[in-house]
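Student: Please take one residue of this model and look at it closely, then follow the parts of the chain around it as far as they lead.

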Amino acid sequence: MRFTKSEGLTESEALLASLCEQSFFALWTYPNLFKKTAKEMIDLMVVFRNDVLLFSDKSCTFPETDNPDLDWKRWYSRAIAKSAHQVQQAERWLRSQPTRIFLDAKATEPLPIDLPPPDALKTHRICVATGAAGHCRRVTGQPMLGLDFTATGDEAPLRIGTVPEARGFLHVFDTDSLALVIQELDTISDFVEYLNAKADLVAEGKFKGAPTEADLLAYYLHHGRTFPNIQQDFVLQPNLWRQVEAQQPFREGRELNRRHRLWDRLIDRVTRLYLAEELQFGNETTMSDHERLVRIMASERRFYRRILSQAIEDRAERASGGWIGSILPSQDPNTLYVLLMGPGARRDQYEEYRTQRSQELVLRCYAAKAARPQARYIVGIGLDAPGGDGSSEDLVYLDTVDWTAEEAQKAEDIRRDFGYFVEGKMQEQLLDVEEYPGSS
């Protein structure tokens, strides 16, 4: 293994680590980081592009006495105020000592992934406070804490507003609300966009609260993953989540997202093999170079991953009859994906077949740049049709930002000589796909 990291020191931390790795992948998820020997920095950190997510996990039993106001204040102090302080201190350390962040309690194994430059780094402070769900159900009938942004600190029992100990905006979740949000926004891009939109909504000052985080999420999804610009003060009504979840288009979109996850499996498989140093080719690639390639793929939102997965699945059905080369779309206009699906080969011929596939994939990546010169990043993906004796994956990465005129001409020559992606010879398919079928 290239490095060893924690899986969570407590049961709740282990659950948090598992939840984040499933959605944000192992390469970018780091539980239980330390700043010096035996001095923990943060319970979990996710680093992706310029975003750094700082998670503080506090599992505290909610006290049950005959003084409910005092019970709340005590729980708030232990679960939220303490968590906010940890996040605030972790951010301070991250910005002042970025080279002194370690995976182990002995502070001998440094963080293996590059942090964004200080002037571009954006932190997201997240508290995961568990232990109050049962009390919330008994008192409010809701399984989660409420949101009340007219309140500061522990002023409003069982409701979260501004948390002054964080010295900045703090997202407060309990176990159920975090699991729900990540379940519905289970890519790093979707999740961070929600965090940003929520923080901006609160900063505008008109939004005053919601019965639960689930209702706020429902409001966000129902309005096309945005919060409408409302000019007067407002609070959300209860049971919005139940209403959204009951809608047939929403359920159908969720089911399609569940079924078509080939893109995620490809990222996860290649990355885990790389981290275990078990790739057939490419183990010598630096962490920075490998991360740069798979980061592009992992930047896709769930809807685009679904489209890409379905496109690959469709071609896999046809590739057993011959080679299929395609250009696939990205949500980023600067990115192109080049897919080459081969029919596979018998075991005794597979090495020769894979060499042919990888060489053709590189040529097709160059040709794709000539066909779509506005794209900067070209990511090639070589796969096999299902059912063969063996299978493998090849990835190719081109960053063409510094290409010379000679390199651009080389790409055009390859395109012309081999006939790849030439106008009149390739079929173009326009996609008209709804994230939630029938919602329009």
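Tutor: Asp264 is found in helix H9, where helices (H or I, at least four residues) and strands (E, at least two) are DSSP runs numbered from the N terminus. The model is a predicted one, in which local features need pLDDT of at least 70 and side-chain atom pairs count only at pLDDT 80 or more, while totals for chains, interfaces and linings use all residues. Residues are numbered from 1 along each chain as its sequence is written, and side-chain values use heavy atoms, with hydrogens and water left out.

Asp264 counts as buried because its relative accessibility is 8%; buried means under 20% relative accessible area, exposed over 50% and partly exposed in between, with a 1.4 Å probe and protein chains only. If its neighbours within four places in sequence are set aside, Asp264 is in contact (heavy atoms within 4.5 Å) with Phe25, Arg302 and Arg305.

Helix H9, residues 262–275, also leads to an open space. The second largest pocket holds about 550 Å³ of space, and the elements that give two or more residues to its lining are H9 itself, helix H10 (287–298), helix H12 (350–371) and strand S13 (394–399). Among these elements, H12 supplies the largest share of that lining, six residues. Altogether 25 residues line this pocket, and Leu279, Phe281, Gly282, Glu393 and Leu395 are the ones that lie nearest its centre. Sorted by class, its lining has eleven nonpolar, eight polar and six charged residues. A pocket is an open set of points on a 1 Å grid with protein on both sides within 12 Å along at least five of seven lines, a cavity is a set where a 1.4 Å probe fits but cannot get out, and lining residues have an atom within 4 Å of a point.

A second region can be reached by way of Leu170, which is 94 residues from Asp264 along the chain, with 29 Å between the two C-alpha atoms. Leu170 is one of the residues that line the second largest cavity, together with Leu147, Phe149, Ile160, Gly161, Phe169, His171, Val172 and Lys198. Strands S5 (146–152), S6 (159–162) and S7 (170–173) are the elements that give two or more residues to the lining of this cavity, and S7 gives the most, with three. The class count for this lining is six nonpolar, two polar and one charged, and the volume of the second largest cavity is about 30 Å³.

A search of the whole structure finds two cavities of 30 Å³ or more. The largest cavity has about 50 Å³ of space, and its lining consists of Met144, Leu145, Leu147, Ile160, Val172, Phe173, Asp174, Ser177 and Glu213. Those residues divide into six nonpolar, one polar and two charged. Ile160 thus appears in the lining of the largest cavity and in that of the second largest.

Ile160 also has a place in the packing of nonpolar side chains. The largest nonpolar core, a set of buried Ala, Val, Leu, Ile, Met, Phe, Trp, Tyr and Cys residues joined through side-chain atoms within 4.5 Å, has 97 residues, and Met45, Phe55 and Phe191 make the most contacts inside it. Apart from that core lies another, of 20 residues, which includes Ile160 along with Cys127, Ala129 and Ala166.

Methods: Points joined across faces, edges and corners; volume = space filled by probe spheres on them. Nonpolar A, V, L, I, M, F, W, Y, C, P; charged D, E, K, R; others polar.
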